[in-house]
Each structure stands twice: as structure tokens, then as C-alpha cells.
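Q: Got a minute to go through this model with me? I'd like to start with the core and work outwards.

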Amino acid sequence: MQQKSAAIEPRQRAGETEKMTVNVGVVDLGQVDLLVQEGFYSNRSDLVRTALRNQLALHADTLKQTVSRRTLTVGLQHFSRADLEQVVAAGQTLQVQVVGLARIADDVPPVLARAAIASVTVLGAFQASPAVRRALADRIR
């Protein structure tokens with residue numbers, strides 16, 4: 001199996017978000033609400049996003065080193081039908097490794113996805129049709 005990444009460029013789209021549920025104690029929640037009331041944040045989500053970004057910035061060097069070492073794509077990685085057909089035509093397979101969002105176009109048939117994709121590792125979100133997800137189930141880590 002060969003890895004191919006040069007022909008498929010990662011793209012980021014501003015505004016794409018995923019929901020994450022966080023359980024907090026009532027005292028912490030009350031303090032969050034107090035900061036929102038005092039105008040430090042526009043709402044609870046704003047405070048959580050800010051705190052999350054601050055923690056990610058604190059660990060930025062570690063994240064960069066890990067992404068480099070594990071050859072991960074950061075951001076949005078979209079695979080169109082044409083992308084995957086090109087990979088198969090070249091006799092190659094993909095090792096999809098993404099931190100962010102990996103998306104397989106809705107018009108990709110399951111047989112093409114299996115032929116083109118050797119493995120899928122996504123830290124974030126993976127979007128594909130239910131049929132493609134079933135076809136790749138044994139390859140998703």
C-alpha cells in the first residue's frame with residue numbers, strides 16, 4: 001500500500017464547527033455565568049472556546065511535533081469522487097490521517113472508497129455516507 005497526499009490539498013473553512021458536550025460542576029457553571037453577565041464573554045460557548053484555544057496555544061509545540069511525526073493533515077481534507085478515481089487509476093491507496101474534518105463526497109460509491117482508502121484515522125470528525133462508512137468500517141481507527 002502506498003500513501004498519496006500531494007494531489008489532495010487540505011482546506012479549512014471558517015465557521016465549520018462540531019458540537020462537544022462538557023460536564024462541569026455547578027459552582028464552575030455559576031462562575032462561567034457570572035463572567036458572561038459581567039460582559040467578559042458573550043455566552044458560555046464563547047468562554048469554553050476561548051479556554052480551549054488558550055490550552056491549545058499552551059501546547060502548540062507538542063501539537064506541531066506530533067502532527068509532523070505522525071504525518072497528519074490538519075484542517076479539512078475533502079475527497080471527491082474524481083480524487084479517489086485518480087488514486088485508484090494510479091494504482092495507489094490512501095492512508096487518511098486527519099486532525100480536523102475528513103469528508104468523503106456523497107457521490108463516492110462504497111466500492112471506490114474501499115479501493116482507494118487503506119485506512120482512516122481522524123481526530124475530530126469524519127463525514128461520509130452511511131454506505132461508505134459501512135464499506136470502510138474495518139479500516140476506520
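**Starting from the core**

A: Sure. This is a predicted model, and a good place to begin is L84, which counts as buried because its relative accessibility is 0%.

Q: Which element is L84 in?

A: L84 sits in helix α4.

Q: And what does L84 touch, leaving out residues up to four places away in sequence?

A: Its contacts are F79, L94, I104, V108, L112, A113, A116 and I117. Take V108: it is 24 residues from L84 in sequence, and the two C-alpha atoms are 8.2 Å apart.

Q: OK, zoom out for me. How many helices and strands does the protein chain have?

A: Six helices and three strands. In sequence order the pattern goes α-α-α-β-α-β-α-β-α.

Q: How do β1 and β2 run, parallel or antiparallel?

A: Parallel. Strand β1 covers residues 73-79 and strand β2 covers residues 94-104, with seven bridges joining them. One residue to look at is F79, whose bridge partner in β2 is I104.

Q: What does the chain pass through on the way from β1 to β2?

A: Helix α4, residues 81-89, and the β-α-β crossover is right-handed. That's the helix that holds L84, and both F79 and I104 are among the contacts of L84.

Q: What about β2 and β3, how many bridges there?

A: Ten, again in the parallel sense, with strand β3 spanning residues 117-127. If you want a spot to click on, V96 stands opposite V120 in β3.

Q: And which hand is the unit that β2 and β3 make with helix α5?

A: Right-handed; helix α5 there is residues 110-116.

Q: Since we're at α5, is A115 buried or exposed?

A: Neither, really. A115 counts as partly exposed because its relative accessible area is 38%. The residue is in helix α5.

Q: What does A115 touch, again not counting residues up to four places away in sequence?

A: V88, Q92 and T93. A115 and Q92 are 23 residues apart along the chain, with 8.9 Å between their C-alpha atoms.

Q: Different topic: salt bridges. How many turn up in the whole structure?

A: Four. One of them pairs D33 with R44, where the closest N and O atoms are 2.7 Å apart. That pair links distant parts of the chain, eleven residues apart: D33 is in helix α1 (residues 26-37) and R44 is in helix α2.

Q: Are D33 and R44 buried or exposed?

A: In between. D33 is partly exposed at 25% relative accessibility, and R44 is partly exposed at 41%.

Q: Which residue does R81 pair with?

A: E85, through a salt bridge of 3.1 Å, N to O. Both lie in helix α4, four residues apart, about one turn of the helix. As for cover, R81 is partly exposed with a relative accessible area of 34%, and E85 is partly exposed at 37%.

Q: And what does D138 do?

A: The side chain of D138 meets R114 in a salt bridge at 2.9 Å, N to O. D138 lies in the segment after α6 (130-135) and R114 lies in helix α5, so the pair ties together parts that are 24 residues apart in sequence.

Q: How exposed are D138 and R114?

A: D138 counts as exposed, at 56% relative accessibility, whereas R114 is partly exposed at 32%.

Q: Which residues are in the salt-bridge network with R114?

A: D138 and R139 are linked with R114 in that network.

Q: Now the outside. Which residues make the nonpolar surface patch?

A: M20, V22, V24, V48, L52, L56 and L63, together about 600 Å².

Q: Which helix gives the most to the patch?

A: Helix α2, residues 44-58, with three residues. L56 lies in that helix, and L56 counts as partly exposed because its relative accessibility is 43%.

Q: Last bit, totals. What's the accessible surface of the protein chain, and what share belongs to carbon and sulfur?

A: About 9,500 Å², with 53% belonging to carbon and sulfur atoms. The chain has 141 residues, and 29% of them count as buried.

Q: And among contacts between residues at least 6 apart in sequence, what share join residues at least 24 apart?

A: That share is 61%.

Key: Residues are numbered from 1 along each chain as its sequence is written. This is a predicted model: local features need pLDDT of at least 70, side-chain atom pairs count only at pLDDT 80 or more; totals for chains, interfaces and linings use all residues. Side-chain values use heavy atoms; hydrogens and water are left out. Two strands pair if DSSP finds at least two bridges between them. Helices (H or I, at least four residues) and strands (E, at least two) are DSSP runs, numbered from the N terminus. A crossover is right-handed if, with the strands pointing away from the viewer, the path from the first strand over the helix to the second runs clockwise. Buried means under 20% relative accessible area, exposed over 50%, partly exposed in between (1.4 Å probe, protein chains only). Contact means heavy atoms within 4.5 Å. Accessible areas come from the Shrake-Rupley method with a 1.4 Å probe; for residues, only the protein chains shown count as cover. Patches are made of residues with over 30% relative accessible area and no salt bridge: like charges are joined within 9 Å, nonpolar side chains (Val, Leu, Ile, Met, Phe, Trp, Tyr) within 5 Å.
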